[in-house]
Amino acid sequence: DPEMSWKQLLPKYLKEVRIHLCQTSSSSRGVREFIEAHYVDLKKANPTLPILIRECSGIQPRIYARYEMGRENNADVSNLSKEDVSGKFETLVAAAEEEKKKSELQAK
């Protein structure tokens, strides 16, 4: 399953994931559906990775990824489908992978 590949890379590149969303707004629908469809599998595949879900009324839905040494990246997931939310996760993991490769090259 190609979608599972990025999920298994989460703990290799990320130290924490935070998902901010509104419980009721239409702009958060895709991220709510993503959580319903994938949260359990994400936690099973990454039992030691903190995956925090923060619900707040009226908030703009966003995914935050914390990398090594406290660096963070985030992605706006307003009005996206659950598939597009999955794509944003994949992009955050790819960015983390690039970041790690750069820091390893600089360390040499």
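## Loops, helices and a small enclosed space in a predicted model

Met-69 sits in the loop that runs between strand E3 (62-66) and strand E4 (72-76). The model is a predicted one. The phi angle of Met-69 is positive, about 60°, although Met-69 is not a glycine. Most residues other than glycine have a negative phi. Met-69 is exposed, because its relative accessible area of 76% lies over the 50% cut-off.

A second case is Asn-79, whose phi is near 60°, again a positive value in a residue other than glycine. Asn-79 belongs to the loop between E4 and H3. Its relative accessibility of 57% is over 50%, so Asn-79 counts as exposed.

### The chain as a whole

The chain contains 3 helices and 4 strands. Along the sequence these elements follow the pattern α-β-α-β-β-β-α. For 108 residues, a compact globule would have a radius of gyration near 13 Å, and the 14 Å of this chain agrees with that. Taken along the principal axes, the C-alpha atoms fill a box of roughly 50 × 25 × 20 Å. Of the 108 residues, 36% count as buried.

### Helices H2 and H3

Helix H2 covers residues 29-45, which is 17 residues. At 1.5 Å a residue H2 should span 24 Å, and its end C-alpha atoms are 24 Å apart, so the expected and computed spans agree. H2 nevertheless has a bend of about 55° at His-38. His-38 is also one of the buried residues of H2, together with Gly-30, Val-31, Arg-32, Phe-34, Ile-35 and Leu-42.

An α-helix has 3.6 residues a turn, so residues three or four places apart point the same way. In H2, the buried residues include Val-31, Ile-35, His-38 and Leu-42.

Helix H3 (residues 82-107) has 26 residues, which at 1.5 Å each should span 38 Å. The end C-alpha atoms of H3 are 38 Å apart, so this helix also agrees with its expected span. The buried residues of H3 are Val-85, Ser-86, Phe-89, Leu-92, Val-93 and Ala-96.

### Distances between positions apart in sequence

Three pairs of residues show how positions separated along the chain are placed in space. The table gives their C-alpha distances.

| Pair | Separation along the chain | C-alpha distance |
|---|---|---|
| Leu-49 and Lys-15 | 34 residues | 6.5 Å |
| Ile-53 and Tyr-39 | 14 residues | 9.8 Å |
| Ala-45 and Pro-61 | 16 residues | 24 Å |

Leu-49 is found in the loop between H2 and strand E2 (51-55). With a relative accessibility of 3%, under the 20% cut-off, Leu-49 counts as buried. Ile-53 is part of strand E2, and its relative accessibility of 28% makes it partly exposed. Ala-45 is in helix H2. Ala-45 is partly exposed too, with a relative accessible area of 32%.

### The cavity

Rolling a probe the size of a water molecule over the atoms shows where empty space is left. In this structure there is 1 cavity of 30 Å³ or more. The largest cavity holds about 50 Å³ of space.

Which residues line the largest cavity? They are Tyr-13, Tyr-67, Glu-68, Arg-71, Ala-96, Glu-99 and Lys-100. By class, the lining has 3 nonpolar and 4 charged residues, with no polar ones. Helix H3 gives the most to this lining, with 3 residues. Ala-96 is among the lining residues and is also listed among the buried residues of H3.

Methods. Residues numbered from 1 in each chain as written. Predicted model: local features only at pLDDT ≥ 70, side-chain atom pairs only at ≥ 80, totals over all residues. Heavy atoms only, no water. 1 Å grid on protein atoms, 1.4 Å probe; cavity = no way out; pocket = protein on both sides within 12 Å on 5 of 7 lines; lining within 4 Å. Points joined across faces, edges and corners; volume = space filled by probe spheres on them. Helix = DSSP H or I, 4+ residues; strand = E, 2+ residues; numbered from the N terminus. Nonpolar A, V, L, I, M, F, W, Y, C, P; charged D, E, K, R; others polar. Expected span 1.5 Å × (residues − 1). Bend = angle between axes of the 7 residues up to and from the residue. Buried < 20%, exposed > 50% of the residue type's maximum accessible area, 1.4 Å probe, protein only. Rg over C-alpha atoms; globule rule 2.2 N^0.38 Å.
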